[in-house]
Amino acid sequence: MQALFIGQTYIDVTFLTDRLPVGDEKHVASAYAVSFGGNAVTAAFCCAKLSIVPDLLTTVADDWLGRMFLEMTAKYGIAIHPRKVSTSSLSFIMPKDGMRAIVRCRDAHHLNSFPALDLTGCRALHVDGHQPDAAIHYARLCRSAGILTSLDGGGLRANTHDLLTFVDVAIVASRLCEQMDLTPAEMLDYLKGRGCRIGGVTIGERGLLWYDETGTVRSLPALAVPADKVVDTSGAGDVFHGAYVHAYLSNPSGTWESHFRLARAAAAYKIQHLGNEAGLPTLHDISSIRRQFGDGA
């Protein structure tokens with residue numbers, strides 16, 4: 001095991017349409033994609049696409065969507081440690097004008113406890129707050145073992161405050177700031193206070209506000225992808241997380257600025273593609289994006 005990701009599985013149905021039907025209407029979408037979904041799940045697939053294949057502790061149902069998901073993980077060589085649920089979860093995503101509307105159908109009622117895993121060889125843990133019992137258990141274990149711990153703080157969960165005690169790298173969304181009634185700058189102070197070595201807030205097209213290894217607050221603007229090239233922003237944050245974990249695993253002595261710059265290019269690639277799988281970049285894709293936008297490696 002090189003890395004462990006913990007999250008909730010979704011099957012994402014992403015579609016492009018100029019309007020949603022109402023009443024008894026029907027309407028045909030102009031394009032659609034069906035893919036794996038979920039924050040840490042998509043990040044794990046991104047890390048695997050970039051050549052370092054992690055293990056994934058995630059929810060799996062014994063239904064046809066669950067079996068389809070297992071086929072997806074097999075394609076990427078990802079080892080699955082399943083947390084059983086009765087029904088697969090679905091997300092219906094409609095991107096439009098750089099935003100995305102989402103309807104989620106979720107089964108988060110676990111039928112069994114999380115598995116006890118051998119962390120031998122593990123060098124990074126990435127969690128998104130789903131499966132809170134497993135997330136805090138493995139974050140505590142990894143922190144005590146000197147294994148890097150990373151959090152995708154997309155939203156406030158019951159154990160977010162406690163979980164952050166065991167997190168080295170916490171990159172949270174502006175939505176968490178809104179839920180906690182904090183400005184991005186105040187959020188950075190909060191993350192520092194919880195003991196996070198690296199902390200940041202993603203602010204959409206405005207990029208990343210973060211503090212580095214010395215505690216210095218820095219800004220990393222998003223790459224200026226032309227508006228007519230932006231297809232689907234959903235999953236861009238997940239790709240960002242998966243890419244920086246890969247960057248760390250590839251070069252543990254590198255700076256977090258360099259890791260985040262690579263991840264920024266990965267996210268810029270994602271938003272130009274419909275659906276999560278189509279939006280997973282290769283290292284060559286990332287290099288091309290960086291050359292295109294003048295962001296030297």
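How many cavities of 30 Å³ or more does the structure hold? There are two of them. Keep in mind as you explore that you're looking at a predicted model. And how does anyone find a hole inside a protein? Rolling a probe the size of a water molecule over the atoms shows where empty space is left.

Let's start with the largest cavity, which has about 80 Å³ of space in it. Its lining is made up of 14 residues. If you want to find the spot in the 3D view, look for Thr9, Thr59, Ala61, Ser88 and Ser89, since these are the lining residues that lie nearest the cavity's centre. Three elements each give two or more residues to this lining: the strands β2 (10-16) and β4 (55-61), along with the helix α2 (64-76). What about the chemistry of the walls? Here the lining splits into seven nonpolar and seven polar residues, with no charged ones.

Now move along to the second largest cavity, with about 50 Å³ of space. Around this one you'll find Asp128, Gly129, Leu151, Asp152, Gly153, Gly155, Arg157, Asn159, Thr160 and Leu163. Two elements, β9 (148-153) and α4 (160-163), each supply at least two of these lining residues. Which of the elements gives the largest share? That's β9, with three residues.

The chemistry of this second lining is worth a look too. Its residues divide into two nonpolar, five polar and three charged. Set that beside the largest cavity, where the lining has no charged residues, and you've got a handy way to tell the two spaces apart.

Definitions and conventions:
Residues numbered from 1 in each chain as written. Predicted model: local features only at pLDDT ≥ 70, side-chain atom pairs only at ≥ 80, totals over all residues. Heavy atoms only, no water. 1 Å grid on protein atoms, 1.4 Å probe; cavity = no way out; pocket = protein on both sides within 12 Å on 5 of 7 lines; lining within 4 Å. Points joined across faces, edges and corners; volume = space filled by probe spheres on them. Helix = DSSP H or I, 4+ residues; strand = E, 2+ residues; numbered from the N terminus. Nonpolar A, V, L, I, M, F, W, Y, C, P; charged D, E, K, R; others polar.
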